[in-house]
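Got the viewer open and a hand on the selection tool? Let's walk through this one stop by stop.

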Amino acid sequence: MCGIIGYVGYRNARDIVLEGLKKLEYRGYDSAGIALIKNGLFLFKEVGEIKNLENEVPEISSNIGIGHTRWATHGGVNKKNAHPHVDCKGKIAIVHNGIIENFKKLREELEIKGHKFTSDTDTEVIAHLIEENYDGDIRKAVQNAIKKLKGSYAIVVITENEPAVIIGARKESPLVIGIGENENFIASDIPAFLKYTNKVKYMEDGEICEVGRNEVKIFDLDGNEVSREEKIVEWSIEEAEKGGFPHYMLKEIYEQPKSLMETMRGRIGEIEPFVDLGIGLEDIDELTLVACGTSYYAAMAGKYILEEIAGISCNVELSSEYRYFGKRKGIVLAVTQSGETADTLAALREAKRHGCETIVITNVIGSSATRIADKTILTRAGPEIGVAATKTFTTQVLTFILLALELGIKKERLSHSQAREYIASLKKLPMAVKEVLDKGEEIEKLAKMLQDNESIFFIGRGINYPVALEGALKLKEISYVHAEGFAAGELKHGPFALLTSDTPVIAIVSQDKTHEKMLGNIGEIKARNSPVIAVADENDKEIAKFADYIVRYPSLPPFVASIPITVILQLLAYHVARLKGRPIDKPRNLAKSVTVE
Ligand code: M6R
């Protein structure tokens, strides 16, 4: 997730673009850049915060410019990979948010034609493709160039040859036009220009726009002009940063269909089934997984997934324990959304010191973990601002499914038809999560029923055990309600003593080999008068005879279903915390990244 902005009008473009970039910093930043036109194209880039860039951009009195704040997905964090990127002659500049899946092939073709590349990014191919198609009409050049792209993009383009116009185009990445008086804006998100105008036109997938100082035109891919209604945005800047949601956490919960799609983008193919996470993994028989907190629960889920699908035996350790007591041989795979958790970095260093091969699953390219580990797999969830991990957990679990499928196919543990079935179910996943998100009101009703309970238990078997642990962690960290997760078979070994009619139990029920035993566990709980809320498959007919309240999730293979199930538990935690008036995005005593051991 990057932030992009373009401005054309009568004001100082340098200041407007830099100010817009600061407002987009919540979309992530590892580097930033700006291009301005004033008798030629001027380009400035810096690594780090926007203020580093601000210090470097001289006062140029330009009225047209574009800017970008980068959250890297291809190529390391450095100046040459920062946007804007330019064509060979340095006359066309482009900023991009998204992932171009076929960039390697396009780059090879363009290099054969003589184009010179200066970065490792997927974005630069777009600049050269536009150059290749340019014959005096920048909109047509963009229109022809994007027809060759596979993947997702929101792009904004300027050229010194046509210094009064900005071109934008989008597919599966946001782009919105801000309509001013004698000035217009284009950005990935409204806060970038909300100070100047609240009149907007939203671009749709497959559209191209031409934005001048006094005119905005939108076209389809064939160049036909389309009409678009102007909308008025009533949000404050703060509300706009949260996309109109009251909290970042809720926004991030609702972003999951998109983030899951990004995790899979370009990494799976269904017809000739393949999964490729791009780090050249070969046969692996054993893995040690290390992580903390929510990432640890994702690693626990990873163990179930890797063992069953790929036959890889996994040893899961808390980073803080591994450091002193862990098994220091073989391959060590760390899971960390931030890539900065001190305990996990220490575990990785310890593994390296003992000669282990190291891999990290993380959300942040260029983070310390990516610099320590030999190999990196990015979850591509986009920046997460709420302290409670949500979209980063579900994309970690999905990454484990992809990893297991890649290795299962390579090890020939999966037949083509089994692999194809899995991949088909993954393709349904974003929609399944959307279905669960549509149950917001139903889950809020359940939260109202539970908000006054002092203690709530979560139970599950198999992968639903770590999901139960994660559900309990979400609830306790943001609502401060005491919550515990258990493997369903374990209640009778002690926790039963805590059950009363005031201890609701949330039971996660899958329609697999654990189904019957779960129903038995629910029966035992009911015999102790505790209310049971089942999170159950939409096709589970029997559960209605056992549970007091049921929230249904769409039917999917159990590993894949663990993701929409998690989303239900995230929404439940969120609504309980909101009803209790907790500071959801910044719970007491917690930090987003724990950088002390
Ligand atoms: O950045 P990491 O994934 O390494 O962070 C580990 C934990 O601190 C983190 O998962 C924490 O438990 C969550 N923020 C809880 O929601």
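Start by selecting residues 416–437, which make up helix α14. Keep in mind that this is a predicted model. At 1.5 Å a residue, the 22 residues of α14 should span 32 Å, and the C-alpha atoms at its ends are indeed 32 Å apart, so expectation and model agree. Now look along the helix for Leu429: α14 bends there by about 40°. A proline, Pro430, follows within four residues of that bend. Both Leu429 and Pro430 are among the buried residues of α14. Colour in some of the others too, including Ala419, Tyr422, Ile423, Ser425 and Leu426. Further along, the buried set takes in Ala432, Val433, Val436 and Leu437.

Next, a sheet. Show strands β5, β6, β7, β8, β12, β13 and β14, and you'll see them lined up in that order as an open sheet of seven strands with antiparallel pairing. At the edges sit β5 (85–86) and β14 (225–226), each pairing on one side only.

Zoom in on β7, residues 151–159. How many of its nine residues are buried? Nine of the nine, so the strand is largely enclosed by the rest of the structure. In a regular strand, side chains alternate between the two faces of the sheet. Try colouring β7 that way: Gly151, Tyr153, Ile155, Val157 and Thr159 go on one side, while Ser152, Ala154, Val156 and Ile158 go on the other. Both faces of β7 are covered, as every residue in these two sets is buried.

Now bring in the neighbours. On residues 92–100 you have β6, which pairs with β7 in the antiparallel sense over nine bridges. Two pairs to pick out here: Ile100 has Gly151 of β7 as its bridge partner, and Val95 has Val156. Then select β8, residues 166–171, which is also antiparallel to β7, with four bridges between them. Find Ala154 and look across to β8, where Arg170 stands opposite. Follow the chain from β7 to β8 and you trace a hairpin, with six residues between the two strands.

Time for the ligand. Show what surrounds it, and 13 residues appear; Ser295, Thr336, Ser338, Thr341 and Glu477 are the closest. Which helices supply at least two residues each to this shell? They are α9 (293–310) and α16 (464–479), and α9 gives the largest share, with three residues.

Let's check some distances at this site. From a ligand oxygen to an N or O atom in the side chain of Ser338 is 2.6 Å. Over at the side chain of Glu477, an N or O atom lies 2.5 Å from an oxygen of the ligand. At Val387 the partner is in the backbone: a polar atom there is 2.8 Å from a nitrogen of the ligand. On its own, the ligand has 410 Å² of accessible area, and the protein covers 91% of that.

One last stop: select His115, in the loop between α3 (103–112) and α4 (124–133). Is this loop residue buried or exposed? His115 has a relative accessible area of 8%, so it counts as buried, the cut-off being under 20%. Show its side chain and look for two polar contacts. One, at 3.2 Å, joins it to the side chain of His128. The other, at 3.1 Å, runs from His115 to the side chain of Glu131.

Note on methods
Residues are numbered from 1 along each chain as its sequence is written. This is a predicted model: local features need pLDDT of at least 70, side-chain atom pairs count only at pLDDT 80 or more; totals for chains, interfaces and linings use all residues. Side-chain values use heavy atoms; hydrogens and water are left out. The expected span of a helix is 1.5 Å times one less than its number of residues. The bend at a residue is the angle between axes fitted to the seven residues ending there and the seven starting there. Buried means under 20% relative accessible area, exposed over 50%, partly exposed in between (1.4 Å probe, protein chains only). Two strands pair if DSSP finds at least two bridges between them. A residue is near a molecule or strand if one of its heavy atoms lies within 4 Å of it. A polar contact is a pair of N or O atoms within 3.5 Å; within protein, one must be able to donate a hydrogen and the other to accept it, and residues adjacent in sequence count only if both atoms are side-chain atoms. Accessible areas come from the Shrake-Rupley method with a 1.4 Å probe; for residues, only the protein chains shown count as cover.
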